[in-house]
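Trainee: I am new to this structure. Please take me through one part of it closely, and then show me what lies around it.

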Amino acid sequence: MQHSLFDRIYVLFLVIMIISFGFLIFFISYFARRSLIDERINTLSNEAQLIADLSLKGYLEGKISNEDIESQLNYYSTLLKSDIWYVDNNGVIVVMSSRNNAYTIAQEEAMQKDPDVDNSTSTSDSFAPISSNIPRSIYLIDSSYKIDEGFSTIGDFFGIFSADVITVNVPVKALSADNLDSSPAGALILHSSTAQITDMMTNIYSITLIPCLVIIVIAFSFIAIVSRKIIKPIKHLSNVARDYSEGSFEVKTGITSKDEIGQLADSMEYMADELSKLDQYRHDFVSNISHDFRSPLTSIKGYVSAMLDGTIPPEKQERYLNIVLDETQRLTKLTQGLLDLNHLEIYGPYLKMSDFDFIDVVKSTLNTFEIKCIDKGLAIYLNNHATNTIVTADQTKIQQVIYNLIDNAIKFTPSGKKINVSIHETNDKLYITVKDEGIGMSEDTQRKIWTRFYKGDSSRGKDKQGTGLGLAITKEIIKAHNETIEVSSTEGEGSKFVFTLTKAKQEPSHTGQTEILIANNLR
């Protein structure tokens, strides 16, 4: 059975809530019980000390008889709901509260009549049930019992009680004859049942569990509302994605929120829009490559046929053979560009990294465009604002990047305009900017220029030598260097390409700003 995301959230939330409240109840019960026991021990200790001062003192001085001290212990026993024993200095249990006396006497009589009599009954529900006879000496219960030490324990007191009791031992001291010092006179032992604490813990559990259950119900109601609010649009996006997979790219998500779900919906709609253009991209790709191959092949076929049938006389054939050679070189360049781009995208370029002065590479590359700039009436300015232009990169491929960007700028820059190449540095990076004053690009064109064979309409009309592969190759080379390249453009104002290179760990090659005019043919 397949569980939905909603079911998983519910189950996970239930597990978290149960574990959380389980730990909460455990700690509350543990510390509450510990606190109640400590409070009971403290109360019994104080009461035992009070009994010793008020009652046992007179008994030890001979002012109170056994019957009187027993009566007083019975009173305190009923008041404190505890069994009270007075043990003398020799360990003899001298006086016990009436429950213990009555129980012990009854047990002795019963044992004399029937040794197998059941001795597990109790005379009062307020006291812990006694499971065995109480010996006359505390040492018969525990031979290592320490009468003269104050302590407390929790348990069945060496098997005397059939349920847990809190036992408090308080040493008793009597004044000596000269009233200057006190001497050991035994101990008061108080046994209090833990039943009261158990009842109080039951009340605490009731008080704690009810709010916990209410919180769980409220939390589950809240999580149900929130989960449905989140999962409903996710299910809708899932259905829309299924429509996209079937080719229905016109379906809209209908989600307008500004949160992560809304961002996902926007991304899916953008993806669908791009996928809907896939057929157009495929058509453009076939059209571009067909045009780029057909044009030179048509020229080659036409000129060769004309020479073979005598249309072109032998004295003019050299000129047309040069044209055929140029067209052949154009086909070679296009084919090589395709092979290079495929290799870059699949395997990545093979980089021969070295340290070199970027300024020197830029200058040598710009010089190759001097004739073209003169013919078109353009000026190229090189502005260096970096103190260290030594970079670590593949010199040949970086030179190809510069060549492609300058060549692209010249194609789209009208006569009488200029192109600026500027270099800036930030920490360990060089930022190289190639900015032209050309026709600019739309946002849609800026997204497509990195696609192979993409060429703007103006490019095809003005420059039929372009293959549409230069910027795609440029992007792959920069990517292989783990660098970045970005483009920004405004229609009618020009375009700006910015890419980065990592500086080498060498001394600066330049100590100030430089501005170089490569070509100046502005009319």
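**A close look at one strand and its surroundings**

Mentor: Start with lysine 435, which sits in strand β10, residues 429-436. Keep in mind that the model is predicted. Is lysine 435 buried or exposed? Neither word fits: lysine 435 is partly exposed, because its relative accessible area is 39%, and the partly exposed class lies between 20% and 50%. Which residues does lysine 435 touch, not counting those up to four places away in sequence? They are Lys418, Ile419, Asn420, Ser495 and Lys496. Serine 489 is 54 residues from lysine 435 in sequence, yet the two C-alpha atoms are 9.4 Å apart in space.

Now look at the partner strand. β10 pairs with β9 in the antiparallel sense, over eight bridges. One facing pair is threonine 426 and lysine 429, the latter in β10. Together β9 and β10 form a hairpin, with two residues between the strands. Asparagine 427 is in that turn and has a positive phi of about 55°. β9 covers residues 418-426. It also has a parallel partner, strand β7, residues 379-384, joined to it by six bridges. There, alanine 379 stands opposite lysine 418 of β9. Lysine 418 is also one of the residues that lysine 435 touches.

Next comes the core. The largest nonpolar core has 41 residues. Phe358, Ile406 and Phe499 have the most contacts inside it. Helix α11, residues 395-412, gives the largest share of this core, seven residues. In general, nonpolar side chains tend to be buried together in soluble globular proteins. Which residues does phenylalanine 358 contact, leaving aside its neighbours within four places in sequence? They are Thr389, Val391, Ile398, Ile402, Ile423, Leu430, Ile432, Phe499 and Leu501. A second, separate core holds 27 residues, including Ala32, Leu73, Ile84 and Tyr86.

Stay with α11 for a moment. Aspartate 394 caps its N-terminal end. A side-chain oxygen of aspartate 394 lies 3.2 Å from the backbone nitrogen of threonine 396. How far apart are the end C-alpha atoms of α11? They are 26 Å apart. That agrees with the span expected for its 18 residues at 1.5 Å a residue, because the expected value is also 26 Å. The buried residues of α11 are Ile398, Val401, Ile402, Asn404, Leu405, Ile406, Asp407, Asn408, Ala409 and Ile410. As a general point, an α-helix has 3.6 residues a turn, so residues three or four places apart point the same way.

Valine 401 leads us to another helix. Its C-alpha atom is 9.8 Å from that of glutamate 476, although the two are 75 residues apart along the chain. Glutamate 476 is in helix α14. Why is glutamate 476 called buried? Its relative accessible area is 16%, and buried means under 20%. The buried residues of α14, residues 470-480, are Leu471, Ala472, Ile473, Thr474, Glu476, Ile477 and Ile478. After α14 comes asparagine 482, with a positive phi near 60°.

Turn now to the aromatic rings. How many aromatic pairs does the structure hold? It holds 14. Take tyrosine 59 and tyrosine 86. Their ring centres are 6.1 Å apart and their planes are at 80°, so the pair is edge-to-face. This pair links distant parts of the chain. Tyrosine 59 is in helix α1, residues 5-60, and tyrosine 86 is in strand β1, residues 82-87. Both tyrosine 59 and tyrosine 86 are buried. Tyrosine 75 and tyrosine 76 are also paired edge-to-face, because their centres are 5.4 Å apart and their planes are at 65°. Tyrosine 75 is exposed, with a relative accessible area of 52%, whereas tyrosine 76 is buried, at 13%. Phe23, Phe26, Phe27, Tyr30 and Phe31 form one aromatic cluster.

One last stop. Serine 193 belongs to strand β5, residues 182-193. Serine 193 is buried, with a relative accessible area of 12%. A polar atom of its side chain lies 3.1 Å from the backbone nitrogen of alanine 195.

Key:
Residues are numbered from 1 along each chain as its sequence is written. This is a predicted model: local features need pLDDT of at least 70, side-chain atom pairs count only at pLDDT 80 or more; totals for chains, interfaces and linings use all residues. Side-chain values use heavy atoms; hydrogens and water are left out. A nonpolar core is a set of buried Ala, Val, Leu, Ile, Met, Phe, Trp, Tyr and Cys residues joined through side-chain atoms within 4.5 Å. Buried means under 20% relative accessible area, exposed over 50%, partly exposed in between (1.4 Å probe, protein chains only). Helices (H or I, at least four residues) and strands (E, at least two) are DSSP runs, numbered from the N terminus. Contact means heavy atoms within 4.5 Å. Two strands pair if DSSP finds at least two bridges between them. The expected span of a helix is 1.5 Å times one less than its number of residues. A polar contact is a pair of N or O atoms within 3.5 Å; within protein, one must be able to donate a hydrogen and the other to accept it, and residues adjacent in sequence count only if both atoms are side-chain atoms. Rings of Phe, Tyr and Trp (its six-membered ring) pair if their centres lie within 6.5 Å; planes under 30 degrees apart count as stacked, over 60 as edge-to-face and the rest as tilted.
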